[in-house]
Each structure stands twice: as structure tokens, then as C-alpha cells.
Amino acid sequence: MIKKYEIFKNITLFRFGDPFKTGAVVVDVDQINFKEVKDIYLFDKNVGLDKVVFNKTLSAGDSIYGLGENLGSLNKRGKIYRCYSSDDFLHTPEKEALYGSHPFFIIDGDETVGVFIDSPSEIKIDAGFKDTNLLSIEVSSTDIDLYIFRSKNKIDIIGSFLSLVGTPYIPPKWAFGYQQCRWSYPNRETVESIGNQFRSLDIPCDVIYLDIDYMKDYKVFTVDENKFPDFEDFIAKMLEKGFKIAPIIDPGVKIEDGYEVYEEGKSKGYFCKKENGSDFVGMVWPGATCYPDFANSKVREWWGELYTEMVKSGICAFWNDMNEPAIFFTPDGLKNFYSLVDKIKEKKDPGFDFFSIKDAVNGLSNKREDYQSFFHNLDDGKVICHDKIHNLYGFFMALATSDGLKKLLGNKRYLLLSRSSYIGAHRFTSIWMGDNQSWWEHIIVNIRMLQSLNMCGFFYTGADIGGFGCNSSAELVIRWSQLGIFSPLFRNHSALGTRNQEPWAFDSATTDIIRDIIKFRYALIPYIYSEYLKSIINSRCLILPVSFVFDDPILKNIEDQFMFGESIMAAPIYTPNSGGRYVTLPDVKWLCWKVKNFDDRDVSVYNPGSYFINCELDETLTFVKENSIVVLMRPQNYVGEKKITELLAVAFVTDRASYMYYDDDGETYDFQKGKFINLNIFIEKSDGDYEVYFNDEESAEYKNDIRTIKFEIYDENGRVFTKIISR
Ligand code: GLC
């Protein structure tokens, strides 16, 4: 039976069977009246015994956008995608699935519609690959919620989608600062010296990560006291210097007698079970591990409490990794592999078996059969095979962590990164884009994914700047850091055994350039934070494709430029040895600011059109839209180091412009009680000069420290006018 619900004006739900409650949606659909229907809107459907296939003919001009964390172009047409969260460290173009599963997309053509398939099982989406004109979606379940969103406007469709799945989570303001990571900084001394280097080289930084080696034998919620003596004191000293420390927490719990987390999880039956009732065992970093059954709320509560000691020591930033969940191999898998090798050993001429051995080694990890071999105990007493809800494991782990952190931290906000995710996880966690490589090709992947993930609600996200795997060159780290300015999560991370890529890891000229890039990011924090909060209040993505904002068919294929908030368009450089790039400037005039450093204003005005714009290695291309304003501050060593008493408004005004500057304490949830400021800034051109003024909407309980606003206003000829006003 298919039930049809009209959720809101533009959202229709078609319910097939009795779907698993994923938690993606915040609206209680069960309370709403339904109609029984035979056919559904938009798709032809084919309901099988254990799957449903949805087909739609695509017209030549139809584009498909969305699908969150995925490869392929921004317009997803012409490739197959698979929602089955996968730990895959080699993001080559043919890959169909990465760490997150985000089955929301927009079909844009004669008709514009949004589609969200809420199902935690495997979903295959063939967006015109096998048959150019066919969109074919195969869901490996017959219990599905299919939501259709209707509006002419893509931005409105995303808005409706967010009204269904909830708004993105709000990290602390310092999460918009620069973050440094490496697998691994091996001990306390190294982390302290990394911190000291940032400060002595005058490079701002807010967060330093601890990768797996801080733990004792990779046992989660432990600290190796030999490497990190007096952990609390270490955290306190780093905090004094303005650094938040963010430890990694993986889901796998090492099987070891006497290890408290394991003993407790085992005795309470909190681990995923095999059919015979024994704990499922997989190999990850610690060796043999058990996997917490995060689908169960009691297990989540337990997991959330395990953060208590770390939070007490002053930590409020964590990253949850390996939560697809990653399985290097299982004991059974290994046994089968050995028997294959034994058979080959007996052969006289095993030449071609090289390939079967290679495939068998690769096939050991993250095997579908392994995911089909263990089970979850749900709150209502039902038992469900992991494979059926595979895509929710990371979602539930991050939920356990965030619920725990909310309890432990009270009114203080937290930063949480999760590697795996499902739609809806954006309400309580951010995600990073996993193990990319130090390849130029992965900068453009990063640019596209920022846009696609924003469409799915993940506004605060980013990739490993500089690339995780392989060795990075100085030029690559510089260009990637320039993109990092416009990436809400700005974290440089690299893998074990690769070349170091901290800002000072190359030569002094590179250090100087990266220092200026990071300082520019800090200068932009008033704008970025204001835009981030407003994007949430207005349910409008922080990062948007230019074709979503400007209505011009020529923009349809532009995927390497994006709007970053309302005033800025980013056009990052993502090819080596390039003295610039082609840029398409839509609709209005643009102020091109080649930022060498925050104080240096190399600007010129462009009319709409396509141009090759020269851009040296030490310049970040930043475009300010006509009649708009960007608010900046003087960079600091870390967010909140000093009170901000002065704002600088860089504006490009040919007529009039206004900007609503939002701010709050950046640390707590008090903004929900009205403790924030909206400072409305206005600029008007009159008689060859400009008038500037502002009006305040400051709540009685929230006092902002801004006393002065300095204006630098550029006119259509690039002439500058400066003004100052005081509050
Ligand atoms: C995974 C993570 C990576 C981390 C590594 C070691 O590959 O994606 O970020 O550094 O594990 O913990």
C-alpha cells in the first residue's frame, strides 16, 4: 500500500510499507491524514519483493544537483551513485559511494522538483549513465518514505527540504578559525611545539587535533600517559594559549580483558551481535574490536557519558572517525583469504592468480557480507540486520556523541566532526570529506562537494586542506588554503608517512604566503560568522552555485565558482602553474579583489562577462558583488583573543547597499534567548559621495563591543571613499 501525505504546501510524502524511522525528518508525519494511492508523482515505479525501482525520463536540458558527499560533476547527470556509506580512501572519479549517504537531489529542467528518499538501506541512483535519458533509482527495501518538493526555485526547494529535516547545527565561533591536524602528532611535546610555532610565526590558529596515537593501544577513551603525561594540565596549558584540542574517537572498542569500556559494553550487551548471539568482531586500528550498537538509545546514552572525563579536562571539540563503520577485515574473511592462498600455492603455474590475490586482499575490507552478518537490537525489542540500516551507523554514533556533549557541556557549544553521516546529521554534527589526496584534481572535487553538501544541509563542512594522502607541494597547499578561506571548516590534515604540510613545512616564502592567507580568513570572520548564522535563520545555504543565485542559462555549467554568503563570490585556482583562471561574472558588476594580505587592496571593477583574470600565487581571487558589503576585522592569533571594537566594511556600491551584521557571544546557546545583535549597515551614493549610517537591533542583555565602523567604499570606477562612524 502507498500512502500519500501532504506535509506542507510544497512537500508530498509517498510512504511505501512501514519504513524504518531514520530520524532524518523533524516533522511528525504520522499525525497527518493520508490518502491511499496507486501511482506516485514524477516517477514510474516498480515494486519488487525486496526492492523498489523508480524511473523518470529525463529531457535533454534536465540537470541533477545534490547528493551531498559524492564524486562526479556538480550537475550529477551521467554517472551512477550509490548510497551505501563506504570507507574508501581513494576517491578516484569512477567511485560511486563515499562516507556519507545523502539521497536528496533536485531535478532542474522544464519542471524543478526536489526528491528525498528516506531509506537507510542501499540506494543506487543511475542519473543517466546506462541510459542517457533515464533517471533510475533502485532502493533495496520496500519500506520507503519518498518526499517530493515542488517549487520553481532551487533555493526554495532547499528551504523546504530544511523545513523538513531541520536546520544545521551551530558550532562555536572559534570553529571558523584555522585548524591543524596530522596523523599523528605523536606526543605532548610535539603538539606544544606545533602550538608555539603558530604563535611565534604569527600565524593564527584555533584548533589542533589529536589523531589515534594519543590513545593507549588505540583504545577509545584512553590516553597514553607516556606520550601525553598529565593530560589535564596539557589541555589547560593549550587552552591558555588559545588552542582547543580535538581528540579523535573511533567506534571500534578493543577486545581486551580489564579494559573498562570493553568490559562494560560486553557485560551490558551493548555491542552488535552475530546471528548466534555472540559479539560481532572486526579488525580496525586496535586489532580485534567490537562495534557499539548505536541504533539503540541506551547504548547511545552510555557512549555519550564516556566523554565525561575528556570534557572535564576542558575539551569541547571531537572528531568521530571510521563510523561507516570501517572494517579492515573479519576473522572469517581472513580465513577464506588464507584458504584461497593455500589453493593457489598448490598450483603449478599461478600467474593469473596474481589478480585473484589482489582482488581478495582488497575485498577483505568493508565487505557487504560482513555488514550482512551482524545485527542491531532496537529500542522496541526488534532485531534488525545491520545491512538494512547501514547508512545510519555514523549518524547514530554522532548523535550519541552530540547528545552526550550537550549534557556535559550544558550551555557551551561544541565542535564535532563525523566522517560518516546521513541526511539529518547536519542538525547535530559537521562532517569533513574524508581521506582525499594531495592531488590538484581533489581541489575541484572539494569545490563541488562544498556546494552539493550545502544543498543537503551540511553548511559547516570542508576537506583536508593540502590533501590527506600523498605528498603535497608548496603550491598545492597554497592554492588549497586559498580555497580554505571560503570553506567553513578550514582544517589542514595529512596522513602518516606523507610530507608534512603545516604552514611552515616548506620554505619561508611559502610560510609568508600561507600566513597572509590564514590572516585574511581571520579578517573575514565577522562576515563568515554573520553569514553562517543568517544562512541558518533564513534556511538558505551559505555556499551556493552561481546558477542558483543568478538566472542566466550560461551559468548552468559553472561549478568552479560559488557564492559564499550574500556578498562574495569565490573563484579558487585549482590547477598548477597557472597565472590565473577564467571567471564568469554574472548579471551585475563585480569588484575583483586580489587579496595578497588583509591590508592590501588590489581591486578593479568588472562588468558582467567572461574573463581570464591573472592571479599570482600569493593572491586570492575574491569577488565582491555590486551594491554589497563585506565586514572584516583586524586578524587575531585566535578567535576571541581580543575584543572586537572596530569593524571594517569593504563595499562596492554603485547605488546603495545594506548589510545586516549578526553577532552573538559565539560560545553559548544564549542567542536562542534573544542575546544577539543585528547591526544594519547602510551605504547610499549621493552627489558623487556616499552617506553611511547604521541602526542597531541589540537586545538589552547582549552588549556588542563594536564602537567604530570604518568604511572603504569602491565606486564603479574603482575609486575609493573612506568614512568612519561610531556607535
Ligand atoms: C582515517 C581518517 C583520517 C585519520 C586516519 C587515522 O583514515 O579518515 O582522517 O587521520 O583514519 O586515524
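This passage describes the ligand site, the pockets and cavities, and some unusual backbone geometry in a predicted model.

The ligand in the predicted model is surrounded by a shell consisting of Trp183, Asp211, Ile212, Ile248, Trp285, Trp319, Asp321, Arg419, Trp432, Asp435, Phe468 and His493. When these shell residues are sorted by class, seven are nonpolar, one is polar and four are charged. Among the charged members of the shell, Asp211 places a polar side-chain atom 2.5 Å from an oxygen atom of the ligand, and for Asp435 the corresponding distance from a polar side-chain atom to a ligand oxygen is 2.5 Å. Arg419 likewise has a polar side-chain atom at 2.9 Å from an oxygen atom of the ligand. The ligand taken alone would expose 300 Å², and 97% of that area is buried by the protein.

The space that the ligand takes is the largest pocket of the structure, for which a volume of about 760 Å³ was computed. This largest pocket is lined by 34 residues, and those lying nearest its centre are Asp87, Asp88, Phe89, Ser365 and Asn366; none of these five is named in the shell that surrounds the ligand. The lining of the largest pocket comprises 14 nonpolar, nine polar and eleven charged residues, whereas the shell around the ligand itself holds seven nonpolar residues, one polar residue and four charged residues.

The second largest pocket has a volume of about 560 Å³. Its lining is made up of 25 residues, with Asp18, Pro19, Phe20, Lys21 and Ile384 lying nearest the centre of the pocket. Two elements of secondary structure, strand E23 (383-385) and helix H10 (393-409), each supply at least two residues of this lining. By class, the lining of the second largest pocket divides into ten nonpolar, seven polar and eight charged residues.

Apart from the pockets, the structure holds four cavities of 30 Å³ or more, and the largest cavity contains about 70 Å³ of space. The largest cavity is lined by 14 residues, of which Asp250, Gly252, Val284, Trp285 and Pro286 are the closest to its centre. Trp285 thus appears both in this lining and in the shell around the ligand. Twelve of the residues that line the largest cavity are nonpolar, one is polar and one is charged.

Several features of the backbone were also examined. Most residues other than glycine have a negative phi, and most peptide bonds are trans. Against this background, the peptide bond from Trp183 to Ser184 is cis, with omega near -10°, and Trp183 is also one of the residues that surround the ligand. Ser184 is located in the loop that runs between strand E14 (178-180) and helix H2 (188-200). A cis peptide bond also joins Glu324 and Pro325, where omega is about 0°, and Pro325 lies in the loop between strand E21 (317-320) and helix H7 (331-346). Asp217, although it is not a glycine, has a positive phi of about 50°; Asp217 is found in the loop between strand E15 (207-210) and helix H3 (231-240).

Conventions: Residues are numbered from 1 along each chain as its sequence is written. This is a predicted model: local features need pLDDT of at least 70, side-chain atom pairs count only at pLDDT 80 or more; totals for chains, interfaces and linings use all residues. Side-chain values use heavy atoms; hydrogens and water are left out. A residue is near a molecule or strand if one of its heavy atoms lies within 4 Å of it. A polar contact is a pair of N or O atoms within 3.5 Å; within protein, one must be able to donate a hydrogen and the other to accept it, and residues adjacent in sequence count only if both atoms are side-chain atoms. Accessible areas come from the Shrake-Rupley method with a 1.4 Å probe; for residues, only the protein chains shown count as cover. On a 1 Å grid over the protein atoms alone, a cavity is a set of points where a 1.4 Å probe fits but cannot get out, and a pocket is an open set with protein on both sides within 12 Å along at least five of seven lines; lining residues have an atom within 4 Å of a point. A molecule sits in a cavity or pocket if more than half of its atoms lie within 2 Å of its grid points. Ala, Val, Leu, Ile, Met, Phe, Trp, Tyr, Cys and Pro count as nonpolar, Asp, Glu, Lys and Arg as charged, and the others, Gly among them, as polar. Grid points are joined across faces, edges and corners, and a volume is the space filled by probe spheres set on the points. Helices (H or I, at least four residues) and strands (E, at least two) are DSSP runs, numbered from the N terminus.
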